[in-house]
Amino acid sequence: MTVESTAASKPRRSSKRTSAVKTAAKTSAKTPARTSAKTSARTPQSSEPELVQLLTPEGERVEHPDYRIDLTDEELRGLYRDMVLTRRFDAEATALQRQGELGLWASLLGQEAAQIGSGRALRDDDYVFPTYREHGVAWCRGVDPTNLLGMFRGVNHGGWDPNSNNFHLYTIVIGSQTLHATGYAMGVAKDGADSAVIAYFGDGASSQGDVAESFTFSAVYNAPVVFFCQNNQWAISEPTEKQTRVPLYQRAQGFGFPGVRVDGNDVLACLAVTRSALERARRGEGPTLVEAFTYRMGAHTTSDDPTKYRADEERAAWEAKDPILRLRTYLEKQGAADEAFFTALEEESEALGKRVREAVRAMPDPDRMAIFDHVYADGNPLVDEERAQFAAYQASFADSAEEGK
């Protein structure tokens, strides 16, 4: 499904300035330098932050002065289908890991709206730099879901050609893809293209030096890049309040470009805000930081146990804001989808799960010698020596097997 742009809006940038620095200076002269943990402010963030929202958790459509969107019923159904199938694939991958078919899996449960909304805002010629959790964005870029699983099964280093879908390979190193995206965007600008680049990262990665460096370079060189931060509240076991004293989107101001916070569980708002940021980049107005305020419903990865650091009540509160349920409620209220649509989608979902299961179990073992291929374009004597040593090591197992007969 392709959603065409209906407006080119600028992200809202706050013009309010306060005299907080002056006030703090006066106060410090009257109070001791040390303050107790009880009296010091933990964070300015509230449990209900101000953000761009077009669809409430109750499925009610609302308007925003800076971000407008007008979608047909078919386009709305397309967004719903994307989220449902992405969640189904994600659930199947989690189950496969539990069954020993995958070594690890990073679930996107709860973040479908942030990924599908932003993913559908992209043009074909835009380029995506993901982390390791952007399964919904991969879906939007046309990457076969089964190709995402090869790396997690240990049979390849990424099962797709990045240039075929303008979707880079998954990046495990936290935050490094923002530098890759910035460099690529600088190249796009030098080439004179009007395409844009988007880099995905999480709230925990926002504390990495790589992210700060990418902000600096993108601002100074006016790079056409959108930094899309999925703030899912938890950097593994650390809450966002231990990552920052201000809302994440406000960090962009210190680097000289705008930031905006969007309801990450509202697929319509994520689509509208990301589209606006991408259009701004294409017009040569530089980078934008989008903070999608969402929630990781599951574990950080399948090796994590979130019950050790999160309360059940917290998850229950966010379940009421489920991105898929709110869009379904809206579709039903508007008469934009009938029971036949939902039934057919459920059948399609089950078929996808079956296809994923069969594809994973049928994946062939990797060629052990392939790790030496493509290290250098024209070969290298040291790599050749290492290849020969490894081949001899592998052959020794075969010799031992023969001797034991």
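Me: At what distance, N to O, do the side chains of Arg-283 and Glu-285 meet in a salt bridge?

Reply: A salt bridge here requires a side-chain nitrogen of Lys or Arg within 4 Å of a carboxyl oxygen of Asp or Glu. The side chains of Arg-283 and Glu-285 form such a pair, and their N to O distance is 2.8 Å.

Me: What pLDDT is needed for side-chain atom pairs to count in this predicted model?

Reply: Residues are numbered from 1 along each chain as its sequence is written, and side-chain values use heavy atoms, with hydrogens and water left out. The model is predicted: totals for chains, interfaces and linings use all residues, local features need pLDDT of at least 70, and side-chain atom pairs count only at pLDDT 80 or more.

Me: Are Arg-283 and Glu-285 buried, exposed or partly exposed?

Reply: Buried means under 20% relative accessible area and exposed over 50%, with partly exposed in between (1.4 Å probe, protein chains only). Arg-283 has a relative accessibility of 38% and Glu-285 one of 26%. Because these values lie between the two cut-offs, Arg-283 and Glu-285 count as partly exposed.

Me: Which residues are joined into one network by salt bridges that share partners?

Reply: The count of salt bridges comes to 24. One of them lies between the side chains of Arg-357 and Glu-92, at 3.1 Å, N to O. Through shared partners, salt bridges join into one network Arg-88, Glu-92, Glu-350 and Arg-357.

Me: Which member of the Arg-357 and Glu-92 pair counts as buried?

Reply: Helices (H or I, at least four residues) and strands (E, at least two) are DSSP runs numbered from the N terminus. Arg-357 lies in helix H13 and Glu-92 in helix H2, 265 residues apart. Arg-357 is partly exposed, because its relative accessible area is 26%. At 6% relative accessibility, the buried member is Glu-92.

Me: How many residues apart are Glu-348 and Arg-81?

Reply: The side chains of Glu-348 and Arg-81 meet in a salt bridge of 2.6 Å, N to O. Glu-348 is partly exposed at 30%, and Arg-81 is partly exposed at 30% as well. Glu-348 is in helix H13 (residues 339–361) and Arg-81 in helix H2 (residues 73–98), and the pair links distant parts of the chain with a separation of 267 residues.

Me: Which helix supplies the largest share of the largest nonpolar core?

Reply: A nonpolar core is a set of buried Ala, Val, Leu, Ile, Met, Phe, Trp, Tyr and Cys residues joined through side-chain atoms within 4.5 Å. The largest one holds 69 residues, and Tyr-80, Leu-149 and Leu-327 touch the most other members. Its largest share, ten residues, comes from residues 267–282, which form helix H10.

Me: Which residues does Leu-149 touch, not counting residues up to four places away in sequence?

Reply: Contact means heavy atoms within 4.5 Å. With residues up to four places away set aside, Leu-149 touches Phe-89, Ala-93, Leu-102, Trp-105, Val-356, Val-360 and Met-363.

Me: How far apart in space, C-alpha to C-alpha, are Leu-271 and Ala-121?

Reply: Leu-271 is part of helix H10 and counts as buried because its relative accessibility is 0%. In sequence, 150 residues separate Leu-271 from Ala-121, yet the C-alpha to C-alpha distance is 5.5 Å.

Me: Is Val-220, a residue of the nonpolar surface patch, buried or exposed?

Reply: Patches are made of residues with over 30% relative accessible area and no salt bridge; like charges are joined within 9 Å, nonpolar side chains (Val, Leu, Ile, Met, Phe, Trp, Tyr) within 5 Å. Phe-217, Val-220 and Tyr-221 make a nonpolar patch of about 340 Å², with areas from the Shrake-Rupley method and a 1.4 Å probe, where for residues only the protein chains shown count as cover. Val-220 belongs to helix H8 (residues 209–220). Its relative accessible area is 61%, which means that Val-220 is exposed.

Me: Why is strand E7 largely enclosed by the rest of the structure, and which residue of E7 stands opposite Asn-231?

Reply: Strand E7 (residues 288–293) is largely enclosed because six of its six residues are buried. Thr-288, Val-290 and Ala-292 point one way, whereas Leu-289, Glu-291 and Phe-293 point the other way. Two strands pair if DSSP finds at least two bridges between them; E7 pairs in the parallel sense with E6 (residues 259–263) over five bridges and with E3 (residues 225–231) over six. Opposite Asn-231 in E7 stands Phe-293.
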